[in-house]
Amino acid sequence: MEFDYSHPSEYDTGDVIDDHYGSDKPRILLMGLQRSGKSSIQRVVFGKMPPNDTLYLESTTKIQREDITRSFIDFQIWDFPGQINFFDPAYDSLDIFESVGALIFVIDAQDDYSDALSRLFYTVTSAYKVNPNITFEVLLHKVDGLSDDYKIGMYTLLQTTIEPAINTCHLDLDTQRDVQQRMSDALQDAECDHIHLTYYLTSIYDHSIYEAFSKIIQKLIRELPTLENLLNVLCSNSGIDKAYLFDTLTKIYIATDSSPVDMQSYELCSDMIDVVIDIECIYGIADRTQNSTPNGDYNGERKDKGDLVQSPLSEDLDTRKMGNPGDNDDSALLGASDNQGGIQQTYSNGDQMDGQDSTTLNNGGQSQQEPAAENEASSLIKLDNGDVLYMREVNRLLVLICLLRQDNFEKHGLIDYNFQCFKEAVTEVFEFSQKRNTQQQQRNETQLQVTETQQSQDTSPPFTYHEEDNSLTDKMGEKLVLFKHITAVFTMIQSFPDTKIGIASRTGTPDWARLAIDLFKVDDTTTLQDTIDYMEIYPGRKTQHLTELAQSSGISFEDMLFFDDERRNSEVKSLGVHFVLVDPAKGVTMHQFKAALQQFERQAKMVQTTLSF
Ligand SMILES: Nc1nc2c(ncn2[C@@H]2O[C@H](COP(=O)(O)OP(=O)(O)OP(=O)(O)O)[C@@H](O)[C@H]2O)c(=O)[nH]1
């Protein structure tokens, strides 16, 4: 299959991946073709960028990483440049994919997506080989531009497997059949029927992207069943119809009770977070020192919206004081009753449902350091249909938003009591989870130290030589043999006059590498070591190795033909060395070697080259 990746040599791998990208945190990867919408998703969901501003985003050229650390949500999100193939040997795919929790592949649904499907297939099969524990999620993105009929049709087709999805491309029948055939062949060859993909229709212009991310992230939260159980208990004991536990900043819900999620109720609850943030932007944050004032003496100051949106609700809301300007009555209304989009809102600092429609932003006059048990930020919105949206803050980063009937809310003393129990339980789960993560981290560190100590004490090589088949087996039982054509190639080189063999190897255990070279046989009486004239084996860049080789051998760079399986080592071309990229699966073959010699002869007098075959 053909892919439109840029050639890795166009990029320096160091420019694309930071050296220090290793982190224990689980990763969520955003992959897909260029301009499919990956960066927009990351910025809108995790950076609160207004969707329209994504129109000005520039193409990503290196991996963009963001640490997300919000209560249960503790991972890194990586936005990949669409044009680079990270499975190319130039990149260390094991390092990139080994601690991935979810790989999210974004497909631009407004475009012809046959290329995207090819890339999807390649990506999931390659990533699965590196790490079979990855969950694969596919976002059919930008569906805001599609009609509902088209969306439903596309989703139904894509939901089954990738293969039928080809049907939805606007291709003529012949091309369609051809693509289908190739796809099904590729699927069979790769034996990848067991790879499970989950599909979502998304757009940054509505709730769908948050809904999708909620589901994706829930799969990564180990505590999910416990949280769901707690929410179930809360709902059944408090007359609540639906409850969501939201991460305040991202509007991702990390858990909900087990009753089905209907989009309307989800959108209402999610919008409530925005409503409350907007209200706090209008009324600002009160000075904590004034919170003890029983009467809400609103001072009329407005806070800058940009500052507030970034703040967790709790920080803002629980320090808020409410009251009508110039009105010292506790139950004074802050805003007039407002009828917008079927939601009636009134803002009050009282916590009583007094027969009027009311939204309560309640701080109870407590500082954040010493919150009274029942005085977390809360908000109440009465809907036109008689239902009530009730929001309570669980901790600095989580809010509970419930939908219930108004007559059930009249027992709000019971709801508040149950909420306290729920809050304590969630806090316990959270603390337990943090403790377990810390313990796990300590265990990993200890394990690492033990292994390092064992390695430093254990000087015996981690492999055994088997004369009968000229092979080594390492401690994991993996067998190492010379590549098929190596013996013939080395024998041929030895027959050339004035030709030397040198080794340039990058390893942290040079003694073991030398020992292995001394054990492998080229024929009955000759070891690999006997055929080699110069050796440079130590960690570092290959330019350094070849410079040392030039010095020890007296051979100039222009007279060197260097075979290597890592594209990044083509940097030796800058010295004037002729570079040959070797397929790591096959090693140097006789055919490749002879072709390289012929080309070397032709180009020997020219400047440095990469010899291609
Ligand atoms: N209509 C619509 N446009 C979107 C949506 N999401 C992103 N876009 C637009 O798609 C274009 C490309 O978005 P990017 O986020 O830069 O795409 P990318 O996948 O990160 O691209 P590269 O960085 O080149 O790999 C931008 O103009 C966005 O405004 C969406 O949900 N609907």
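Which helix gives the most to the shell around the ligand? In this predicted model, where local features need pLDDT of at least 70, side-chain atom pairs count only at pLDDT 80 or more, and totals for chains, interfaces and linings use all residues, that helix is H2 (residues 38-47), with three residues. Residues are numbered from 1 along each chain as its sequence is written. A residue belongs to the surroundings of the ligand if its C-beta atom, placed from the backbone, lies within 6 Å of it; there are 22 such residues, and Gly-37, Ser-39, Ser-40, Thr-60 and Gly-82 come nearest.

The protein chain has 19 helices and 23 strands, these being DSSP runs (helices H or I, at least four residues; strands E, at least two) numbered from the N terminus. Of its 613 residues, 31% are buried, a term that requires 20 or more other C-beta atoms within 10 Å of the residue's own, whereas exposed residues have 12 or fewer, with C-beta atoms placed from the backbone.

Helix H9 (residues 224-238) has 15 residues, which at 1.5 Å a residue should span 21 Å, in agreement with the 21 Å between its end C-alpha atoms; the expected span is 1.5 Å times one less than the number of residues. The buried residues of H9 are Leu-227, Leu-230, Leu-231, Leu-234, Cys-235 and Ser-238. Seen down the axis of H9, these buried residues fall within an arc of 135 degrees (taken from the directions from the helix axis to the C-beta atoms), so they line one face of the helix. On the other side of H9, Pro-225 and Ser-236 are exposed.
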